[in-house]
Amino acid sequence: MQRSRLGPYAAFYAPGLLLLLVVGYPIGYAIWTSFTNLNLVRNTGTFVGLQNYARALTDPTFWHAMRVTIAFAIGSIAIEFAIGLGLALLLNREMRFRGLIRTYILIPMFFAPVVVAIVWRFMFDAEFGIVNWIFSIFRIPPQTWLGSGQLALPSLIAIDVWQQTGMVFVILLAGLQMIPKEYLEAASIDGAEKWTLFRTITWPLLRPAVIAALIYRTMFALRAFDIIWVTTNGGPGTATQTLSVYMYQIGFNQFNLGYANAVSLLLLVLIILFAAIYLVVLKPEPA
Amino acid sequence: MDMAATLAERHPAREQAASRQRKPSLLLILGFVGLGVYLVWTALPILWLVLMSLKNPTQQFENPPLFIFPPTLDNYKAMFSAEYQEAAGIAGLDLPRLLRNSVVAGVVSTALAMALAIPAAHALARQRLRIHGWFIAIMLFTRMLPPLSLALPLFLISRELHVFDSLPLLIIVYAAVNLPFAMYMLIGFFEAVPLEIEEAGMLDGLSRFGCLVRLALPLVLPGLAATAILSIWVTWTDYQFALVLTTQAAVTMPVGISQLVSQYSQLWGVFGAAGIVYAVPVVAFCLIAQRYLVTGLTMGAVKG
């Protein structure tokens, strides 16, 4: 009888073991090391209690990285949503080449972020980049873009928008397609204005898709690393130093892995916090 | 632009409602202008990557930038032949080997993840097990986990176990990271298979495993393909795990590509060629499987 109770679960032994080994154990290990002063060069690793967390919370660089991370996330997600929603509404109408354009919009998200970011780095180049050349047509003086303290973060946001808007678009489009056409037709025959139509019917029904897209994008924007590391390295100075960049630097430039793990777990808490806020604030209204 | 007209043509019944909108509104015109700008903006970096890969070093740094020039294939040759590599000064970056690493890591880790995910997803879809809640929690957690947060402890552990900088390490890590999401996608596909088919199979004397292999799997093949492509795509585009967990032997393309244009080397043309070679197969795959991928990516999103 023992066997029949465990039998149905046999399919989960191997996957469970793999996850335990490669995700569960390392996370436990990260939590443990975050309470030590583990340093690869000094070869230490003694228990120091909450010292790493106390250090992070009183470290101006940590708070700076936190601000950069949140600014990057808010800036990129806001623009991606504005464009993604516009595109989704437009391409939910019947028009020529609709299928082709929908597919085309998805192309950027299939590229490796590293490749995309380096192409942009070349395009943003102050001397021979095409971005300055395009701006020169409109008589805008050349900028240093990724090399400028003020423009580096917005430039990175532009790269992120280029690559990730398709994702927001496709989730919102799926949401729009799930709205029964009859609702909108009935209301429009009643003579409702377009804006009223959008506000009273489309938006409330689109809400689950909006939450999904927000959580998805926030999760990825808060961990932003690839495109920053291969373009600015967190610079100039610390202008684009996100939490991910900061923890990589502590870990592999200063070899202070105890502290790096503490910062990494704080980032995870931040991501979970954001997801929880969306779920509470934007909870879908009961139908 | 002739939206309203087309609408009315195709659906005469709606003509009345549409007649108010026959003159395209200002908002719609702006929308289409915006769409045009967006399409150009999307094309620009891709076009630029192609042009970079076809330029020689002098053409590369021309100002104003060159759109029309006699193209060269030297950058592509430099990637694959030893003499060109030497001439281009990238002997240290053996791109064919890195490409092979990427292919092996992507394919083997995906095969492993699928082999483990299929029976588990089938069991979750078909039997009322009490671990469903747990599974969703684990799935969400692994999705939210920043790769670096996992890569840091894995770096320490793999060094102690002497498996640091090895392909098997990368393969196992990628498989584990992809596993929960693959299961999540597959559950959806299995649930769409009518229960009756498998019940009939059981009556004919097939075991649960037999039902899975002989009856359910053939029906979810497109879903399997989409899940596998998504998993390969995650692995193929990964930078953070490869950056932290490899240094020499197991380095993959994204890490190698990024080193082509470091402080020490300015091989923009070779970077362009490598970028194209690396992007084309996966972008093509993703576009072919687009319909399933989008269902997969948004399925969880919109349902959950």
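In chain B of this predicted model, residues 24 or more positions apart account for 69% of the contacts with a separation of 6 or more. The corresponding share in chain A is 66%. The secondary structure of chain B consists of 17 helices and 0 strands, and that of chain A comes to 13 helices and 0 strands. Read from the N terminus, the elements of chain A therefore form an uninterrupted run of α elements, since helices are the DSSP runs of H or I and strands those of E.

Of the 304 residues of chain B, 53% count as buried. Chain A has 287 residues, of which 55% count as buried. The exposed area of chain B is about 14,300 Å², with carbon and sulfur atoms supplying 67% of it. For chain A the exposed area is about 13,200 Å², and carbon and sulfur atoms supply 67% of it.

Helix α7 of chain B spans residues 95-126 and has 32 residues. The distance from its first C-alpha to its last is 45 Å, close to the 46 Å expected at 1.5 Å a residue. This helix carries a kink of about 30° at B:Ala117. The kink lies shortly before the proline B:Pro119.

A helix pair was examined in chain A. Helix α8 (residues 152-177) and helix α10 (residues 194-222) of chain A have axes that come within 9 Å and cross at roughly 145°. The crossing of α8(A) past α10(A) is right-handed. On the side of α8(A), the contact is made by A:Asp160, A:Gln164, A:Met167, A:Val168, A:Ile171, A:Leu172, A:Gly175 and A:Leu176. On the side of α10(A), the contributing residues are A:Thr202, A:Leu206, A:Ala209, A:Val210, A:Ala212, A:Ala213, A:Tyr216 and A:Arg217.

A further proline of chain B, B:Pro153, is placed in helix α9 (residues 147-160) of that chain. B:Pro153 counts as buried because its relative accessible area is 0%, under the 20% limit. Leaving aside residues up to four places away in sequence, B:Pro153 touches A:Pro26, A:Tyr29, A:Ala30 and A:Asn261.

Cis peptide bonds occur in both chains. In chain A, the bond from A:Gly235 to A:Pro236 is cis, with omega near -5°. A:Pro236 is found in the loop between α11 (226-229) and α12 (243-252) of chain A. In chain B, a cis peptide bond joins B:Asn63 and B:Pro64, with omega about 5°. B:Pro64 is located in the loop between α4 (57-60) and α5 (74-80) of chain B.

Positive phi angles were examined next. A:Asn233 has a positive phi of about 60° although it is not a glycine. A:Asn233 lies in the loop between α11 and α12 of chain A, the loop that also holds A:Pro236. With a relative accessible area of 42%, A:Asn233 is partly exposed, because this value falls between the 20% and 50% limits. In chain B, B:His162 has a positive phi of about 55°, and B:His162 is not a glycine either. The position of B:His162 is in the loop between α9 and α10 (167-191) of chain B. The relative accessible area of B:His162 is 72%, over the 50% limit, so B:His162 counts as exposed.

Terms used. Residues numbered from 1 in each chain as written. Chains lettered and ligands numbered in written order. Predicted model: local features only at pLDDT ≥ 70, side-chain atom pairs only at ≥ 80, totals over all residues. Heavy atoms only, no water. Helix = DSSP H or I, 4+ residues; strand = E, 2+ residues; numbered from the N terminus. Expected span 1.5 Å × (residues − 1). Bend = angle between axes of the 7 residues up to and from the residue. Buried < 20%, exposed > 50% of the residue type's maximum accessible area, 1.4 Å probe, protein only. Contact = heavy atoms within 4.5 Å. Areas by Shrake-Rupley, 256 points an atom, 1.4 Å probe, with all protein chains shown as cover. Axes fitted to C-alpha atoms, helices over the stretch in contact; angles between N-to-C directions. Left-handed = near helix turned anticlockwise from the far one by under 90°.
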